[in-house]
Amino acid sequence: MQIDFIALLVNWLLILIYYLYLSRRTRLTPDSSVHMLNAKVRERWVDMVMHKDNMEILAVQTLRNSVMAANFMASTSILLIIGTLNISEKLGQWALNWHPSGSSQTFSTELWQLKLCLLLLDFSVAFYCFSMAIRFFNHVGYMINLSSATSPDISLYKQTCAYLNRAGTYYSFGTRTFFFSLPIIFWFFGPYFLILATLVLLGGLAILDKVPS
């Protein structure tokens, strides 16, 4: 049981190191971050829609697609929560059967419950993030269709960009939360699987977080 907690601490430490590295890289070379690129693209899109004529249909269709994607992911989060609760009893037996040292060590019910709670918490955070993304996408739908003539200053444009980037950030957080559920799932089969899955995941995120060349 002690090695499981050590593996969990290593998991958190690896994630912390990666995000500190990502933050430093973004600060030194902003153009290398796909998140900064996405934010700039969203701001340019808002500028185009708000300052060009006959863009209402484009705005509605684009935001509708974004809301539908976030809604699908939020629904998936709920289904995963329900599914995890339904198979919670079987998860313990599967983990015991697949655990490399399951025959020589006493299976800890408390540790299994901790893993299950972390998995449920992960999916719950994903649901919250996707729900908030839907909320901000809906706000943008109202704000972006206001005529620029009714707001001669740039405050409305800045607020719309901020809301859209907030929605995009929540959607990104929700998707990333899904990714981080994978090491927790592998943790059911042993602490070494948790560390291995974390390393593989961070390697994949390092590719995703970099602007494609």
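Analyst: Let's fix the terms first: a residue is exposed when its relative accessible area is over 50%, buried when that area is under 20%, and partly exposed in between. Keep in mind that this is a predicted model.

User: Okay, why does aspartate 31 count as exposed?
Analyst: Its relative accessibility is 62%. The cut-off for exposed is over 50%, so aspartate 31 lands in that class.

User: And what makes lysine 40 partly exposed?
Analyst: Lysine 40 comes out at a relative accessible area of 41%. That value is neither under 20% nor over 50%, so the in-between label applies.

User: How do you know that aspartate 31 and lysine 40 form a salt bridge?
Analyst: The closest N and O atoms of aspartate 31 and lysine 40 are 3.5 Å apart. The rule asks for a Lys or Arg side-chain nitrogen within 4 Å of an Asp or Glu carboxyl oxygen, so the pair passes.

User: How many salt bridges are there in the whole structure?
Analyst: The search turns up three. Another of them pairs aspartate 4 with lysine 115, with 3.6 Å between the closest N and O atoms. Aspartate 4 sits in helix α1 and lysine 115 in helix α5, so this bridge ties together parts 111 residues apart in sequence.

User: Why are aspartate 4 and lysine 115 called buried?
Analyst: Buried means under 20%. Aspartate 4 has a relative accessible area of 6%, so it qualifies. Lysine 115 is also at 6%, so it gets the buried label too.

User: What about arginine 176 and aspartate 209: what makes them a salt bridge?
Analyst: Their side chains meet at 2.9 Å, N to O. The limit is within 4 Å, so the contact counts. Arginine 176 belongs to helix α6 and aspartate 209 to the segment after α7, so the link joins parts 33 residues apart in sequence. Both residues are buried.

User: Switching to pockets: what makes up the lining of the largest pocket?
Analyst: The largest pocket holds about 630 Å³ of space, and 25 residues line it. Nearest its centre are Asn38, Arg42, Gly168, Thr169 and Ser172. Two or more lining residues come from each of α1, α2, α3 and α6. Helix α6 gives the most, with ten.

User: How does that lining split by class?
Analyst: It has 14 nonpolar, nine polar and two charged residues. Gly counts as polar here, so Gly168 goes in the polar class.

User: What about the second largest pocket, which residues sit closest to its centre?
Analyst: That one has about 300 Å³ of space. Of its 15 lining residues, Trp12, Leu118, Asp122, Phe180 and Ile184 are the closest to the centre. Helices α1, α5 and α6 each supply at least two residues, and α6 gives the most, with six. By class, the lining has eleven nonpolar, two polar and two charged residues.

User: How confident is the model, and where is confidence lowest?
Analyst: The chain averages a pLDDT of 87, and 87% of the residues score at least 70. Helix α4 has the lowest mean, 63, while helix α7 has the highest, 94.

User: Which stretch stays under a pLDDT of 50?
Analyst: Residues 102-106 do, and the model has one contact beyond four places in sequence for them. Where pLDDT is low, the coordinates shouldn't be read in detail.

Methods:
Residues numbered from 1 in each chain as written. Predicted model: local features only at pLDDT ≥ 70, side-chain atom pairs only at ≥ 80, totals over all residues. Heavy atoms only, no water. 1 Å grid on protein atoms, 1.4 Å probe; cavity = no way out; pocket = protein on both sides within 12 Å on 5 of 7 lines; lining within 4 Å. Points joined across faces, edges and corners; volume = space filled by probe spheres on them. Helix = DSSP H or I, 4+ residues; strand = E, 2+ residues; numbered from the N terminus. pLDDT = per-residue confidence, 0-100. Contact = heavy atoms within 4.5 Å. Buried < 20%, exposed > 50% of the residue type's maximum accessible area, 1.4 Å probe, protein only.
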